[in-house]
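Work through the exercises below with the structure open beside you. Try each task before reading its solution.

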Amino acid sequence: MDSHIYGVSKQTLFLLTLLCFSVASISALPHQNKTGNSTVTGQMINSNSVLVALLDSHYTELAELVEKALLLQTLEEAVGKHNITIFAPRNEALERQLNPEFKRFLLEPGNLKSLQTLLLFHIIPQRVGSSDWPGHKSNPTRHTTLCNDHLELITKNSGKKLVGSAALTRPNDVTRPDGVIHGIERLLVPQSVQEEFNRRRNLRSISAVLPEGAPEVDPRTHRLKKSEPPVRAGSQPVLPIYDAMSPGPSLAPAPAPGPGGPHHHFDGESQVKDFIQTLLHYGGYNEMADILVNLTSLATEMGRLVSEGYVLTVLAPNDEAMAKLTTDQLSEPGAPEQIIYYHIIPEYQTEESMYNAVRRFGKIGYDTLRLPHKVVAQEADGSVKFGSGDGSAYLFDPDIYTDGRISVQGIDGVLFPEVEKESTSVKKTVSSVKIATTTPRRGKLMEVACRVLGTFGQDSHFTTCQ
């Protein structure tokens, strides 16, 4: 007989204790959501949930923003507590109609809070169907969003339904047991996010003022050094053009400003655009314009140099000449830039000035932006010829563009420095020698042995003598 404790057997008491412990352990375990993270609601997200429908719907841009904003767990908790209503902008509104600067602001890592506020502004923690909209004669209904802001639902006299300032385009587009998704025409921006964006944009537009250093003292006279006299507008730049091209700060004085524009500067960017547009309208120089604009940043660099007071002469190869360039000449990193640099002369030259110079002096060497290489010009057949030999080019279309700052002269060939021509010729000779040495050759000693055996009338067993 089992002993009893207050009328209950020991086995029964043990079973009751084990059952209570198991129930307490199961209730203490946190429930897991679909991502494996524990939630405070204790409810697992169903595959028929409105959140799963949002990720699989045609509002893919909004779903991608929700994932980038790290809001999935927050929305899972909201769905576990109550039904939700999502006002989803169509993809076109987020791809094409959204201000690119504002979209870049939202996707910056430091503005994650603004992105989360913007997305939660589109979600109401209760179910609002299209039939729950107020009539056109009724007052607008006000609902609190998940970001503790308010949205108004309005119906116009024409029957058009609005969510704030956005029109409802697809009512009850996605309906699930725990929520509903309505399609709207554009993104809703809360006032707090708009103010933060305006504040950041205004801060960017403020130009920083460089602090002035302490005055310098001349060690010889123990007096303050006098500052350099101001350079008159329109004078030649003090800084050499090669130093102006180099990145980073320089100790040389700044170049002189040009006389054009409201701030006494040349508008180099518009001048470069004009000469590229002239190349395109002239015809036959599309490849050159494409390299300047699309393949390199040379157009921007040329505009900056002209704005700072420098002058340039561009020797532009036509399309027929550019088509002769091989893949090896363009495959190396920075090859297009180096080719164009060799065709830019940091002087203002016209067809008349260059022709007069070569007629008087025979040969003229012009500096190029590809330091230290020069391009040599000489008179030939009543025109100007650049380079020599097979790599020469003639002045084909003179004075395509001349505005006093930029001069464009069309040539019928692509120019290369003499050093590159020599290196390419050496490569060709080396390759030809390698091809010649690949044929089998017999050594001198083996040739003598074969000849001696032949004189004695003996057949050789060597394979090389066969």
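The exercises that follow concern a predicted model.

**Exercise 1.** State the order of the strands in the open sheet of seven strands, and find its edge strands.

Solution. Read across the sheet: the order is E13-E12-E18-E17-E16-E15-E14, and the pairing is mixed. Next, look for strands that pair on one side only; these are E13 (344-345) and E14 (363-367), the edge strands.

**Exercise 2.** How do strands E12 and E18 run, and how many bridges join them?

Solution. Locate E12 at residues 312-317 and E18 at residues 406-411. The two strands run parallel and are joined by six bridges. To check one position, find Pro317, which stands opposite Ile411 in E18. On the E17 side, Ile411 is the bridge partner of Leu395.

**Exercise 3.** Describe the hairpins that E17 forms with E16 and with E18.

Solution. Begin with E16 (residues 383-386) and E17 (residues 393-402), which pair in the antiparallel sense over two bridges. Here Lys385 stands opposite Tyr394. Six residues lie between these strands, and Gly387 in the turn has a positive phi of about 80°. Then take E17 and E18, which are also antiparallel, with four bridges. Three residues lie between them, and Gly404 in that turn has a positive phi of about 95°.

**Exercise 4.** Why do the buried residues Phe102, Phe105 and Leu106 of helix H6 lie on the same side of the helix?

Solution. Find H6 at residues 100-107 and mark Phe102, Phe105 and Leu106, which are buried, that is, under 20% relative accessible area. These three residues cover an arc of only 100° around the axis, so they lie on the same side of H6.

Definitions and conventions:
Residues are numbered from 1 along each chain as its sequence is written. This is a predicted model: local features need pLDDT of at least 70, side-chain atom pairs count only at pLDDT 80 or more; totals for chains, interfaces and linings use all residues. Side-chain values use heavy atoms; hydrogens and water are left out. Two strands pair if DSSP finds at least two bridges between them. Buried means under 20% relative accessible area, exposed over 50%, partly exposed in between (1.4 Å probe, protein chains only). The arc is that of the directions from the helix axis to the C-beta atoms.
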